[in-house]
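Biologist: I'd like a close look at just one part of this protein today. Could you walk me through it slowly, as you would for someone in their first year?

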Amino acid sequence: MRQIDILVTGPLTGGSDSFLHGDLRVVFHNWLGDAPLPLLDGQPWAFVDWVLPDLSGLELCRRLRCAPQTEAAHVTMVLEEDEADAKRRALRAGADDYVIGPIDRSTVLDRVLSLQIADSEIMARNLRLGDLSLDLAALQARWKEKPIALMPNEFRLLRYMMEQPGQVFSRGQLIAALGKNDQPIDERTVDAWVSRLRRALRDTGAGYPLRTVRSLGYVLDKP
């Protein structure tokens, strides 16, 4: 049976008992950030509150990105209000996305399962575009066999664009493609995802294959 571990830093209406969905078990962990991490199975999720008792949610997000157990976690920042500056700061701290709190058990499960089930349908496939390759089962991107360090949203973004190279996508199309169309995601959030993906590609020697098309969106050029 597969398992998804979810770290939650605040109270969760509806309880935190484990949830079973077919061969998938979802396990909730109440965790404030100053305690040792629990044993995590695979790639975890984390829902981090903007305000915490002993440190800020932004600082905890940065710590999650630095810890080997959670550096590849899907991190969602739970904001207190729908503020553009808070969204930008969350993304700069390493969050994959955000949601306006308070959150409940159903909200968390809906978000996690919608992405998990969609991803499980393509897990057996690998993608290659020139010297760029994706191992979907291992969630690993490589350039000339050199690993590319990507967070979950950037990996999903690269996968989607590699499937349709040369196609120009608007910000709205990319938000929908990543399964976030029903969430309060600002279109400018896509710019942060693209910026982080570009930086990761550049740092591994891949150059600048992800190009901006003015007034239209973004395109991953064919080799």
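Which residues lie nearest the centre of the second largest pocket, and how many residues line that pocket?

Modeller: Happy to! Keep in mind that this is a predicted model. The second largest pocket has 14 lining residues. Look for Asp-49, Val-78, Gly-101, Pro-102 and Ile-103, since those are the ones that lie nearest the pocket's centre. Now colour the strands, and you'll find that two elements each give two or more residues to this lining: strand S4 (45–49) and strand S5 (74–79). As for the room inside, the second largest pocket holds about 200 Å³ of space. Sort its lining by class and you get nine nonpolar residues, three polar ones and two charged ones.

While you have the strands coloured, take a look at another part of the model too. Strands S7, S8, S9 and S10 make an open sheet, in the order S7-S8-S9-S10, and their pairing is antiparallel. At the edges sit strand S7 (126–129) and strand S10 (146–148), each of them pairing on one side only. Going from one strand to the next, the twist averages 25 degrees. Zoom in on S8 (residues 132–135) and S9 (residues 140–143): these antiparallel strands are joined by four bridges. To pick out one pair, start at Leu-132 and go across to its bridge partner in S9, Trp-143. Finally, helix H4 (residues 152–163) packs on this sheet, where it touches S7, S8 and S9. The direction of H4 makes about 120 degrees with that of S8.

Key: Residues numbered from 1 in each chain as written. Predicted model: local features only at pLDDT ≥ 70, side-chain atom pairs only at ≥ 80, totals over all residues. Heavy atoms only, no water. 1 Å grid on protein atoms, 1.4 Å probe; cavity = no way out; pocket = protein on both sides within 12 Å on 5 of 7 lines; lining within 4 Å. Points joined across faces, edges and corners; volume = space filled by probe spheres on them. Nonpolar A, V, L, I, M, F, W, Y, C, P; charged D, E, K, R; others polar. Pairing = 2+ DSSP bridges. Axes fitted to C-alpha atoms, helices over the stretch in contact; angles between N-to-C directions. Contact = heavy atoms within 4.5 Å.
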